[in-house]
Amino acid sequence: MLRYSDIILQPLKAHKFKVVKPFIFKNIKIPKGFTTDGASVPRIFWSIFPPNRTDYLPCAIVHDFLCDLQEYKKADKCFLECLKHFRVSKFATYTMYYAVRLYHLISYRR
């Protein structure tokens, strides 16, 4: 079971992070060295959903990794599962999940 303490990140410039120690969520291995910008939240919503909030940052990393592999539907499903795993509030969980689903449906028709 993935815990917050399993995830070690190195901050980089411009709101980016590098994974220092690989971790696994649902058989998805996030490799050492993978970089992410956290949750891609439009700046206007940062007061409600900060892009690097620790309770959902691990979920954003898993989502970004799968999106880099162009597995958008799987990425969105895992994002939802991860948000639930870390017990992110229902409001935040479903708002962010439907936002990424809508984005992928519009952008990639997937």
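In this predicted model, L9 stands opposite V19 in strand 2. The pairing to which these residues belong joins strand 1 (residues 8-11) and strand 2 (residues 17-21) in the antiparallel sense, over four bridges. Five residues lie between the two strands, which form a hairpin. Within the turn, A14 has a positive phi of about 55°.

Two packed helices are described by the angle between their axes and the distance between the axes. For helix 2 (residues 72-85) and helix 3 (residues 90-108), the angle is about 175° and the axes are 10 Å apart. Because angles over 145 degrees count as roughly antiparallel, helix 2 and helix 3 are roughly antiparallel to each other. Helix 2 contributes Y72, K73, D76, F79, L80, L83 and K84 to the contact, while helix 3 contributes T93, Y94, M96, Y97, V100, R101, H104 and Y108.

The largest pocket holds about 580 Å³ of space. It is lined by 24 residues, of which A39, S40, V41, H63 and V100 are the closest to its centre. Strand 5 (35-36), helix 1 (57-68) and helix 3 are the elements that give two or more residues to this lining. Helix 3 supplies the largest share, six residues. V100 of helix 3 thus appears both in the contact with helix 2 and among the residues closest to the centre of the largest pocket.

The residue classes of the helix contact and of the pocket lining are set out below.

| Region | Nonpolar | Polar | Charged |
|---|---|---|---|
| Contact of helix 2 with helix 3 | nine residues | two residues | four residues |
| Lining of the largest pocket | 13 residues | seven residues | four residues |

Conventions:
Residues are numbered from 1 along each chain as its sequence is written. This is a predicted model: local features need pLDDT of at least 70, side-chain atom pairs count only at pLDDT 80 or more; totals for chains, interfaces and linings use all residues. Side-chain values use heavy atoms; hydrogens and water are left out. Axes are lines fitted to C-alpha atoms, for helices over the stretch in contact, and angles run from 0 to 180 degrees between N-to-C directions. Angles under 35 degrees count as roughly parallel, over 145 as roughly antiparallel, 65 to 115 as roughly perpendicular and the rest as oblique. Contact means heavy atoms within 4.5 Å. Ala, Val, Leu, Ile, Met, Phe, Trp, Tyr, Cys and Pro count as nonpolar, Asp, Glu, Lys and Arg as charged, and the others, Gly among them, as polar. Two strands pair if DSSP finds at least two bridges between them. On a 1 Å grid over the protein atoms alone, a cavity is a set of points where a 1.4 Å probe fits but cannot get out, and a pocket is an open set with protein on both sides within 12 Å along at least five of seven lines; lining residues have an atom within 4 Å of a point. Grid points are joined across faces, edges and corners, and a volume is the space filled by probe spheres set on the points.
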